Amino acid sequence: MQQKRIELLRPQMGTQRALTVRTYGTPGKGPKAYLQAALHADELPGVLVLHHLEKLLAEAEAKGEITGEVVVVPFANPIGFTQYVDMKPLGRFEMRTGQNFNRHYPDLCDELLAAVEDKLSQNADENVALVRSELRRLIKERRVASGPLTDLQDLRFSLAELAIDADLVLDLHCDWEAAMHLYTSDSSWPDAADLSAQLGAGACLIAEESGDNPFDEAFSRPWVELRRKFGDTYPIPMATLATTIELRGEQDVYDHYAAEDAANLFRFLQRRGVISGDPGPLPAPKCDATPLAGVDRVSATHGGVIVFSAKPGDHVKAGQELGYVLDTETGEKTPFSSRTDGFMYARVGGRLVVPGGLLCSIAGAEVLAGKTGNLLTAR
Ligand SMILES: [Zn+2]
C-alpha cells in the first residue's frame, strides 16, 4: 500500500486541509478501481465500509492477489467535515456558497471529442488508452485554465484527477433513511448488474444525464458522448463504470452492515479482475434497473408533521397510503401516496415538512409523465 497526502488549497490564514489517498496494487498494471466515501461529509456509512474494505485489500496485497490497482480515498470531503449548524453536521452543501459537494464536476466532453477525433482507430484497446491519456491531460489543462480556484474547486479537481482514468468509480453515499440502492448511467446497464446484485440493491436508478454533473457522471459521460458521436465508426467500449452507491440511511453506521458491504465490494473487484480469487456465485438480483425519470418524489401538499406507514425497502402500489401529514392548527390530515407502483428506496429523516417538501422516493419501472429538468430533484 502506498499512502499519500494531498494538501488542499489553504483557504485562509491558519487553516489547512488534506485528502488521504491509499493505493493498493500496482498503478498501470491492470484494471483500476477508485473508491471514495463521504463526499457528502455527513454520510458516514461509506467511511466504515472502506475501513473494512481496506483490511481486506491489505490482506490481499500481502498475498499478492491484487492484479490491478485500487485507489481508496477514505474521506473525500474534509471541507464538509468541519461544518456544523445547531450541533448537527452539515455536509451536503458548502456553507459559503450553498453548492452541493456532489455537483459541478469538470465536464470535459467537448474538448475530449475534439482531441480524439482524428486519432481514433479500429482497435478498441488503443482507443481506450488514447481517451484516458487525453482525459488525464485535459483535466490538468482545465485546472490551469480555471484560474484562481477556491478550496471547493480544488477539492473537486483533486478528486476528479484521481478518478479520471479508472475503470471502476464507486462513490459511496447514503440517503436519510433508505434501503441499499445505486445510481448509474443508462449506458452502464446491464454492465452494473453484477454490482447491484452483489450488494443486494433494491433499486438501480439509471439516467443518461441526471443534471449538474455529479461526481460519477464526470467519468461515465465522456464515454457516452464518445460512443454517440463516433460509435458507428470506431469501436469504443463503455470503458468506465461509474456509480453512486447509496449505503442505506445516514444512521446505518454499523460493523455488521459495513463488513458485509466491504466483502461484497471485494467480491465485485474480484469479479472484475482487479483482485484475483474466486468471488463465489453471484447472488440473485433483487431488482432490475429502473429509469431515474421513473422515480416519484412524493411531496407534501401542506406543512405539518409526517407520520409514515411505509418504510424504505417496501414495494408499494400507486395510490396506496404511505403515511399522512398532520397540521393540528387547521386539523388537516392529508394522506400521501405514490403515482407509481414501485420500490420505496428512501424517505426523509426529519418529521417536519413544509408545503412542497419531499416525503419519500419510489422507484417505478416507467418514466413518469412530465418528468423533466434535473432528475435528481424533479418530482
Ligand atoms: Zn450523498
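Hi everyone, let's start at the metal. The zinc ion takes its protein donors from His 40 (ND1), Glu 43 (OE), Glu 43 (OE) and His 173 (ND1), and these lie 2.0 to 2.5 Å from it. Please keep in mind that what you have in front of you is a predicted model.

What kind of geometry does the site of the zinc ion have? The angles among the four donor atoms go from 56 to 146°, and the site is irregular. In sequence, the donor residues follow the spacing H-x2-E-x129-H. Glu 43 sits in the loop between strand E3 (32-37) and helix H1 (45-62), while His 173 belongs to strand E7 (residues 168-175), so the pair ties together parts that are 130 residues apart in sequence. Are these two buried or exposed? Glu 43 counts as buried, at 7% relative accessibility, and His 173 is buried as well, with a relative accessible area of 1%.

Let's stay in that loop for a moment. Ala 38 is also in the loop between E3 and H1. Its phi is near 60°, a positive value in a residue other than glycine. Most residues other than glycine have a negative phi, and most peptide bonds are trans. Ala 38 is buried, at a relative accessible area of 1%.

Where else should you look for backbone features like that? Asn 213 has a phi near 50°, again positive in a residue other than glycine. You will find Asn 213 in the loop between strand E10 (203-207) and H6, and at 11% relative accessibility it counts as buried. Then there is the bond between Trp 189 and Pro 190, which is a cis peptide bond with omega at about 15°. Pro 190 is part of the loop between strand E9 (181-185) and helix H5 (193-199).

A word on annotation. The UniProt record, in an unreviewed entry, lists residues 30-111 as "domain: Succinylglutamate desuccinylase/Aspartoacylase catalytic". In the model, this stretch is 26% helix and 18% strand, and its end C-alpha atoms are 27 Å apart.

Now to the inside of the protein. The largest nonpolar core has 45 residues, and the ones touching the most other members are Tyr 34, Leu 159, Phe 215, Phe 219 and Leu 226. Which elements give two or more residues to this core? They are strand E2 (18-25), strand E4 (69-73), helix H2 (109-116), helix H3 (124-145), helix H4 (151-163) and helix H6 (217-230). H4 gives the most, with seven residues. Apart from this core lies another one, of 38 residues, including Leu 50, Ile 66, Trp 189 and Ala 289. You met Trp 189 a minute ago, at the cis bond to Pro 190.

Let me zoom in on Leu 226. Beyond its neighbours within four places in sequence, Leu 226 is in contact with Leu 112, Leu 113, Val 116, Val 131, Gly 231 and Ile 236. Ser 220 is found in helix H6 and counts as buried at 2% relative accessibility. With the same sequence neighbours left aside, Ser 220 is in contact with Ser 185, Met 238 and Ala 242.

Another buried residue to visit is Pro 78, with a relative accessible area of 8%. Its place is the loop between E4 and strand E5 (84-85). Leaving aside neighbours within four places in sequence, Pro 78 is in contact with Leu 8, Arg 17, Ala 18, Leu 19 and Leu 155.

Finally, some strands. An open sheet of four strands runs in the order E17-E16-E14-E19, with antiparallel pairing. Strand E17 (333-336) and strand E19 (352-353) stand at the edges with a single partner strand each, so one side of each is left without a neighbour in the sheet. Inside this sheet, four bridges join strand E14 (residues 304-308) to strand E16 (residues 323-326), and Val 305 has Leu 326 in E16 as its bridge partner.

How many residues of strand E20 (residues 358-363) are buried? Five of its six, which leaves the strand mostly covered. Strand E13 (residues 295-299) is joined to E20 by five bridges, in antiparallel fashion, with Arg 297 opposite Ser 361. Strand E18 (residues 342-347) also runs antiparallel to E20, through four bridges, and there Met 344 stands opposite Ile 362.

That's my tour, thanks for listening!

How values were computed
Residues numbered from 1 in each chain as written. Predicted model: local features only at pLDDT ≥ 70, side-chain atom pairs only at ≥ 80, totals over all residues. Heavy atoms only, no water. Donors = N, O, S within 2.8 Å, 3.2 Å for Na, K, Ca; no water. Tetrahedral: all angles 85-135°; square planar, octahedral: opposite > 155°, others 65-115°. Buried < 20%, exposed > 50% of the residue type's maximum accessible area, 1.4 Å probe, protein only. UniProt positions renumbered as here; feature names shortened; annotations may be inferred. Pairing = 2+ DSSP bridges. Core = buried A, V, L, I, M, F, W, Y, C linked by side-chain atoms within 4.5 Å. Contact = heavy atoms within 4.5 Å.
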